[in-house]
Amino acid sequence: MPFSLTIEKEFAQNSERVKSVDQHPTEPWILVSLYSGTLCIWNYQSQTMEKSFKVTESPVRSAKFIARENWIVTAADDKYIRIYNYDTMEKIKEYEAHTDYIRSVAVHPTLPYLLSCSDDKVIKLWDWEKDWSCTQILEGHSHYVMQVAFNPKDTNTFASASLDGTIKIWNIGSPKAEFTLDGHSNGVNCIDYFSCGDKPYLLSGSDDSTAKVWDIETKSCVQTLEGHEHNVTAVCVHAELPIIITVSEDGNIHIWNATTFRLENKLNYGLERVWAIGQLKGSNKVAFGFDKGTIVVKMNGSHTWDSVDLQA
């Protein structure tokens, strides 16, 4: 059966530079954090803003829903992590988490854990059932740590991407990295776990303008995705469709076949550099954050590749 991918723009909103986007698992909400220090929740169904408020004067580089607690967690260049109740907008907690800019946070899928990483080269694990105490400090990278991500298939492990050019795989409770993936010729900005059959893979994006696909079991790079003309800033594997999505400071969104790794299409919405991707398991929607705003697209398709029909 042929694969026909349709890509339809569902929501577009101009703003200042977007640093992160996240989708709510049950509400039609997209959480957008801005370089200006503002946080917005947009309803992509009604095309309206649900909430907007100033978190800090510094860039908020990462913001995530913790839907099971009705919370939003934010991380900013002022070194603080802040947690808000998104119904009441009450600030639940605020604490200085790192000694330099915080690049990324990741929420554990089931346990009360938050990972954070920073330009201080350190990764920290926080337990919100212990009043957000730091239960683990992980060191090993020699440059800024840009992103952390839990492994959805083995939630005791997680990965980190660093400007030292490496990706490290860690276990919760273990002080040293389990192993290091080394192959990019420049800093690594972003990572995403995915599976092909039962086999675990990791996707990474780098300042060397490429994305790489890593076989976690053999600890080797199995594919390099070339085509961007600038730093790759965010990567993801679509939760429902056999496609890999990479975005870059070149302003382009690249859509790759996740089986053959062929570049299937490029999108450009004219909003300058692309900084962030937000998507959700079970959803066909993908959100993108740019220098000049946010776009949500709906992607539909069947499961073998043939042609791509774009309605972007």
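Start by selecting Phe 150, which is buried, with 10% relative accessible area. The model on screen is a predicted one. Next add Phe 158, also a buried residue, at a relative accessible area of 1%. The two rings form an edge-to-face aromatic pair, with 6.0 Å from centre to centre and 70° between the planes.

Now extend the selection to strand β14, residues 145-150. Is this strand enclosed or open? Of its 6 residues, 5 are buried, so β14 is largely enclosed by the rest of the structure. Show strand β15, residues 157-162, as well: β14 and β15 pair in the antiparallel sense, over 5 bridges. To check the register, pick Gln 147, whose bridge partner in β15 is Ala 161. The connection from β14 to β15 is a hairpin of 6 residues. With the side chains displayed, keep in mind that in a regular strand they alternate between the two faces of the sheet.

Other aromatic residues come next. A search of the whole structure gives 14 aromatic pairs. One of them joins Phe 65 and Tyr 86, whose ring centres are 5.7 Å apart and whose planes stand at 90°, so this pair is edge-to-face. Which parts of the chain does the pair link? Phe 65 is in strand β6 (residues 60-66), while Tyr 86 is in the loop between β8 (80-85) and β9 (91-96), 21 residues apart. Phe 65 is buried at 7% relative accessibility, and Tyr 86 is buried at 4%.

Then select Trp 71, Tyr 95, Trp 126, Trp 128 and Trp 132 together; ring pairs link these five into a cluster.

Move on to the nonpolar interior and select Ile 245, Phe 288 and Met 299. These are the residues with the most contacts inside the largest nonpolar core, which has 21 residues. Which strands supply at least two residues each to this core? They are β1 (4-14), β22 (232-237), β23 (243-248), β24 (253-257), β26 (274-279), β27 (285-290) and β28 (293-300). Another core, of 15 residues, lies apart from the largest one, and Ile 66, Trp 71, Val 73 and Ile 81 are among its members. Trp 71 has thus already appeared on this tour, in the ring cluster.

Return to Phe 288 and display its surroundings. Beyond four places in sequence, Phe 288 touches Val 21, Ile 245, Val 247, Ile 253, Val 274, Ala 276, Ile 277, Gly 293, Thr 294, Ile 295, Val 297 and Met 299. Two of the residues named earlier for their contacts in the core, Ile 245 and Met 299, are in this list.

Two lysines are worth picking for their position over rings. Select Lys 19 with Trp 275: the charged end of Lys 19 sits over the Trp 275 ring, 3.6 Å from its centre. Then select Lys 219 with Phe 179, where the lysine lies over the face of the ring at 4.6 Å from the ring centre.

Stay on Lys 219. Where in the fold is this residue? Lys 219 is placed in the loop between β20 (210-215) and β21 (220-226). At 44% relative accessibility, Lys 219 is partly exposed. Apart from neighbours within four places in sequence, Lys 219 is in contact with Phe 179 and Leu 181. Its backbone has a positive phi of about 60°, although Lys 219 is not a glycine. For a distance across the model, add Lys 64: the C-alpha atoms of Lys 219 and Lys 64 are separated by 29 Å, with their positions 155 residues apart along the chain.

A positive phi is also found at Phe 261, at about 65°, and Phe 261 is not a glycine either. Phe 261 lies in the loop between β24 and β25 (263-267). Is Phe 261 buried or exposed? Its relative accessibility is 18%, so Phe 261 counts as buried.

Finish with the cysteines. How many disulfides does a search of the whole structure find? The search finds 0. Select Cys 117 and Cys 190: the sulfur of Cys 190 is the closest cysteine sulfur to that of Cys 117, but the 12 Å between them is too far for a bond. Cys 117 is buried, at 0% relative accessibility. Last, select Cys 40, which is buried too, with a relative accessible area of 6%.

Notes
Residues numbered from 1 in each chain as written. Predicted model: local features only at pLDDT ≥ 70, side-chain atom pairs only at ≥ 80, totals over all residues. Heavy atoms only, no water. Core = buried A, V, L, I, M, F, W, Y, C linked by side-chain atoms within 4.5 Å. Buried < 20%, exposed > 50% of the residue type's maximum accessible area, 1.4 Å probe, protein only. Helix = DSSP H or I, 4+ residues; strand = E, 2+ residues; numbered from the N terminus. Contact = heavy atoms within 4.5 Å. Pairing = 2+ DSSP bridges. Phe/Tyr/Trp six-rings, centres within 6.5 Å; stacked < 30°, edge-to-face > 60°. Lys NZ or Arg CZ within 6 Å of the ring centre and 35° of its normal. Disulfide = S-S within 2.5 Å.
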